[in-house]
Amino acid sequence: MRQKVTVAALVVVLAVYLALALNRAVILLRTGDAVLLALGVAMVLLPVLGAWLIWLEIKFGRAAQRLADELYAEGGLPVDDLPRRPSGRVVREAADERFRERQAEVEADPDDWRRWFRLSLAYDDAGDRRRARHAARKAIALRNDLGDARTGHNQ
C-alpha cells in the first residue's frame, strides 16, 4: 500500500511539473522568435513523452499486480519468509539461494508465466530491479490474456 501512495504522490508532483512546463511552452510558442519557438516545441513534446512513460509504467504495474493476484488466488504466490537485516533488507545469501531455486524452476519449464513471475520476485529480493522487471515482463507476455508485456493491453 505504501508503494501505491508513493507512486500516486510522484504522479501528482510530475503532473504539476508537466502542467507548468506546458504553460511555459505555450508562452514560448507565442513569442514568434525562431529559437524560442523551437524551445517551446521541445517543451510541449517533453510533457507528452513524460505522460506517455508514466502511463506505460502504470499499465505495467497493473498487469504485474493482476498476475500477483491470480497467483495468490491459486495459492502459488511465494511466502515472504526470507531472513531480514535490522534495516529490513533481505539477507543476501538467503536471497541468492531463493534465486537459484527460482531460476532452476524457470529452466525446467520456461513457458510457465507463474515460474517467471516467481523468478521476478526472487530477482527483486536479490536487489536486481532491472532483471526483476524483465522477468515480470516475460511473465506478463506469457500470460496471453493480459497481452503486451509493457502495457498490459489485450492483443
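## Surface and burial

The accessible surface of the protein chain in this predicted model comes to about 10500 Å². Carbon and sulfur atoms account for 59% of that surface. What share of the residues is buried? Of the 155 residues, 30% count as buried.

## Helices and overall form

The protein chain has five helices and zero strands. Its pattern along the sequence is therefore simple to write: α-α-α-α-α. The radius of gyration is 21 Å, while the globule rule gives 15 Å for 155 residues, so the chain is more spread out than a compact globule.

The C-alpha trace spans about 65 × 45 × 25 Å along its principal axes. Now take the contacts with a separation of 6 or more. Residues 24 or more positions apart make up 46% of them.

## Charges

The protein chain carries 25 positive and 21 negative charges. How far apart are their mean positions? The two mean positions lie 7 Å from each other.

## A look at R118

Helix α4 covers residues 113-125, and R118 is found in it. Is R118 buried or exposed? Its relative accessibility is 15%. The cut-off for buried is under 20%, so R118 counts as buried.

What does the side chain of R118 reach? It reaches the backbone oxygen of G76, at 3.0 Å. G76 also appears among the contacts of R118 once neighbours within four places in sequence are left aside. The others in that list are L71, P78, R102 and E105.

Conventions. Residues are numbered from 1 along each chain as its sequence is written. This is a predicted model: local features need pLDDT of at least 70, side-chain atom pairs count only at pLDDT 80 or more; totals for chains, interfaces and linings use all residues. Side-chain values use heavy atoms; hydrogens and water are left out. Helices (H or I, at least four residues) and strands (E, at least two) are DSSP runs, numbered from the N terminus. The radius of gyration is taken over C-alpha atoms; the globule rule is 2.2 Å times the number of residues to the power 0.38. Buried means under 20% relative accessible area, exposed over 50%, partly exposed in between (1.4 Å probe, protein chains only). Contact means heavy atoms within 4.5 Å. Accessible areas come from the Shrake-Rupley method with a 1.4 Å probe; for residues, only the protein chains shown count as cover. Lys and Arg count as positive and Asp and Glu as negative; His and the chain ends are not counted. The place of a charge is taken as NZ of Lys, CZ of Arg, CG of Asp or CD of Glu. A polar contact is a pair of N or O atoms within 3.5 Å; within protein, one must be able to donate a hydrogen and the other to accept it, and residues adjacent in sequence count only if both atoms are side-chain atoms.
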